[in-house]
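Work through the exercises below with the model open. Each task is followed by its solution.

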Amino acid sequence: MLITAEDIADFPDANIAESIQRLPGISIDRDNGEGRSITVRGLGGDFQSVFLNGADAQNISGGNQSDAGANRSRGFDFNTFASELFSGVKITKSVTASNEEGSLGAIIDLITGRPLAYKGDRFAVGAEAEYRENGDSWNPRLTALFSKRLAENFGVLATVAYQDQRQQIDSYRRQPGQFEFAYRNSQHAGVSPNVFGFARPTGTGTGATFGSDPAAYALVTPTTIIPALPQIGRQDLEYDRLGVTFTAQWQPTSRTEIIGDFVYSRYRQESNSQGITTIGLNRNGTNARVAQNTLRALNTANGLADRRALYARCDASASLDCGQALYGNTLVTGTRASYNPFNLDPFDYYNSTVSPGYIPNANSIAYYDELLGRPSTQIRAANVNAAGQADYLVLDNVDWRSFADAQIGQTDFKQATLNVNHEFSDNFRVAVTGGWSKSEFNAEGMLVEFNAIDRDGYVFDERGGGKMPIFNPGFNVADPTQWTLVKGLSTIRYFTNEVNNEFRVGRANFELDLSEQFTLRFGGTYKTFDFDSLTGRRNQGIEAINPTLQEAGLQITQLGQLVGFGQGLNVSAGTPTSFYAPNLDAFRRYFSIDCNCINKWGDYRAQTDGRERNAVRERDMAGFVQMDFDLDLMDRRLRGNVGVRVANTRVDGTGSVGGAANGVLGTVVTARNEYTDVLPAGNLTYEVSDNFQIRAAAAKTMSRPQLSALTPGTTSFPTGLTVGGAAPSITVGNPFLSPFRSTNLDLSFEYYWGTNGFVGLALFQKDISSFPQQVAGEFTLQDIYPQAIIDQILTNVTSATLAQYIRDGGVFAVRQFNDAPGGKIQGLELNVQSNFFFLPGFLERFGVTANYTYIKSELNYLTGTALSTTQGQTGSTAVNDFATAPFLNTSPHSFNATLYYEHGPLKARVSGAYRKEYVNRFPLSSGTCAVGTTTNGGGVCNSPVVADFGYNEDTFNLDFAMSYKLTRAISLSVEGRNLTNTPQYRTMYQANPVSSSYASTGRIVTFGVRANF
């Protein structure tokens, strides 16, 4: 299937992903209202191959929150490219042996312009003004094309596309996760028998963890699902795209063509999300010594340690500064743990008389009760539905966060390719491709917050249905005086993020015509792919240790701003339509939080996360042989091909064993794996009549494992070992993974009529034999690593008992990516295209293109693992639970249709795209045990598996485009996107779906002018 430059220009598409979605079997996943990635026949971006001018390409972008990682998958982020850069897009869904391996779904070829395709010189410019309803902004979009024939057989072509966008997205969100269970991480420390969740009922005791209404409290059991982190917010999004292409095309002889291409793309995005949320419902600050009144004497070292443990604290180390770098090793006068006079340790801030935040307390635990979180939140009223969800809550003593959460990132993509096509003779040809591409993503993220402590009267009510519950904080969230900076709670986070991808490819494909009926094709490819990533984050132990307003000498109005809410949404009654939020620029200005340094206020350095310091290098060699044939069968044409491709892959994965957050780098190790795939393929087309043909295809395909799974590094590794008892545990990647492998079958029927009439029916099946997932097992390190790597690891193991255990081949409890059961995708595509030549008058100038896709899919998903591994055990305790669910991001039903009108200078199109509800997340959370307070070896499970579904609800996007040629050279256009203001609406929980995301990007209207000379 091919989309031409004219098709791309005619449709109202923001980027190349939205142009591709018009084809059958293809749907897009939107981010910030624009297409970002594509799904083909039920398989997402990890399972597609993308080529640009014949060479492999990989391009990525970042996220919308400070801690959002960049795309570290094999998926291509199409939103980084303007659609105007390309002269065509070719989609291959039924592969031949001559097609490059690596795709289970489709091969997508992006093609830039060719100067010799024009009869003469050409110069074209375009200018558009885009109006976005949400944010009330006007945004420019500029394009230019220059094509010059320097000789009859030599030409150059250059294109430039620039777009600058500003928009606002208002949303209600409720984060899915383990914290939605009332008991999770909310056990009241030091209380027996065990108590979980909210403040206990009035009349059962006194103190900060009592006071709930007895009847309401009884309804909310430990395993009740509660809305732990609902929020309302506004995202201010700014991004610009710059794309440049240059092509030189030379035909030195009638048998030779040489094409050189260069492509550059820059995508720069700044996302700043501001909102309010119930941060206190996801915290637990209770302490056993306080509950049991066993704090040790204040004037002792132990007593000081007991009290500092009640708060966030800064303990200096080689990688963490607590003020000593600028102010020396002498304590601030009158304090017991502070070295920075402008940012006191939280214990000193509340309990030292020299502090501006001093609160008298006989036990020197001032403000401890206020920082408890969920265990001090009192339930006044509640309703729990039949699905075990608290759909109505009235709460007192709720702690609130008002936040600004931003990521600023840039992607730079560069590619150079050389394609040579040469005919040695009339029956022998070669096509040679050499290419290089590199994608570099760099970003920094920041989060700052205000807090409001112990506010009463919060109402959450979703009993009335609808896309958004009642979300009433119970106080005036727009009043600046309601908010402040709270020592030990108000967080400042700083992140850095870097991801690089680089391809080098060389390919030579030959064709030899053996006769008029048979052509032999053969060739080979050699390519390398390099991936590396690195993340950094401010030390998490001190993210909540920051200057207060009193320490900084500031007013809250100097650090914040009023933010509106509700554009394009049906806001529920009682929900605020504005709130006061931090101004990120003010925090940068006053505190230099993005300096990546130690400054007057604290340590704001981003420290490398050793777990995320990963790299993968792949070397792929492949060769194929294929026979094409064109025969007569019963006086009708039968054409097709049959062949085999052999691909050898060598993987070098690099990661850190024992790496951790806060600058713990661990031991960097590299492991190598190599595997070979034999991939037969066959395609047949039989022309039953002049206007009816049948196609059939069968192929074995493979897609290489996800990049994040190929590191030999660990995300958890023990630092010591107590002899006897439980075995040590690790979570580790696996460079020795096998690829995803599938057997694909296709059958299609095509009927043509008139000048452009077409109806087609395609049936397809993909039988995926293996789908690697992170499963539990019990292995020695010798089972996981070669001895050379174990020797490296041992050099940095400081525990003698752990080192000896490793040498002796002791068993470990292991969670690692390994082969797991696969799944199956079956479906059909119906495609119709026709103009209305059969209608009278002006109606014959109308036409329609439409396609419908049905997909039935199931995959065995890992929902839970359990390990009870002991040292010296025999046999296995590993349990891996699987459940069947649809492939993610796969709509069972999708439909695209375009009604068009073309006559003389006028062209008009109305396009609709519909996707039925589909699963976008399963499970909602992975874990190590079942939900419950006694399901983790008899104890509480704080890392439960939430084996439930997240959904993207039904969507329908209606777009419009119209152009009119004023002259042969100049045309005007108007386009409208998302004309029905369709919101993004996501839900979660199968038994009774509740809103997890309800967001509006608004309508978009574009006015443009184009000139061609």
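A disulfide is a pair of cysteine sulfur atoms within 2.5 Å. This is a predicted model: local features need pLDDT of at least 70, side-chain atom pairs count only at pLDDT 80 or more, and totals for chains, interfaces and linings use all residues. Residues are numbered from 1 along each chain as its sequence is written, and side-chain values use heavy atoms, with hydrogens and water left out.

**Exercise 1.** Find how many disulfides the structure holds, and give the pairing.

Solution.
- Count: there are 3 disulfides.
- Number the bonded cysteines in sequence order; the pairing reads 1-2, 3-4, 5-6.

**Exercise 2.** Give the handedness of the link between Cys-929 and Cys-941.

Solution.
- Check the bond: S to S is 1.9 Å.
- Read the angle about the S-S bond: it is 90 degrees, and the link of Cys-929 and Cys-941 is right-handed.
- Compare Cys-314 and Cys-322: their link has -90 degrees and is left-handed.

**Exercise 3.** Are Cys-929 and Cys-941 buried or exposed? Classify Cys-595 too.

Solution.
- Set the cut-offs: buried means under 20% relative accessible area, exposed over 50%, partly exposed in between (1.4 Å probe, protein chains only).
- Cys-929 and Cys-941 are both buried.
- Cys-595 has 28% relative accessibility, so it counts as partly exposed.
- Cys-597, its disulfide partner, is partly exposed at 24%.

**Exercise 4.** Which residues have the most contacts inside the largest nonpolar core?

Solution.
- Define the core: buried Ala, Val, Leu, Ile, Met, Phe, Trp, Tyr and Cys residues joined through side-chain atoms within 4.5 Å.
- The largest has 60 residues, and Trp-483, Leu-559, Phe-587 and Ile-593 have the most contacts inside it.
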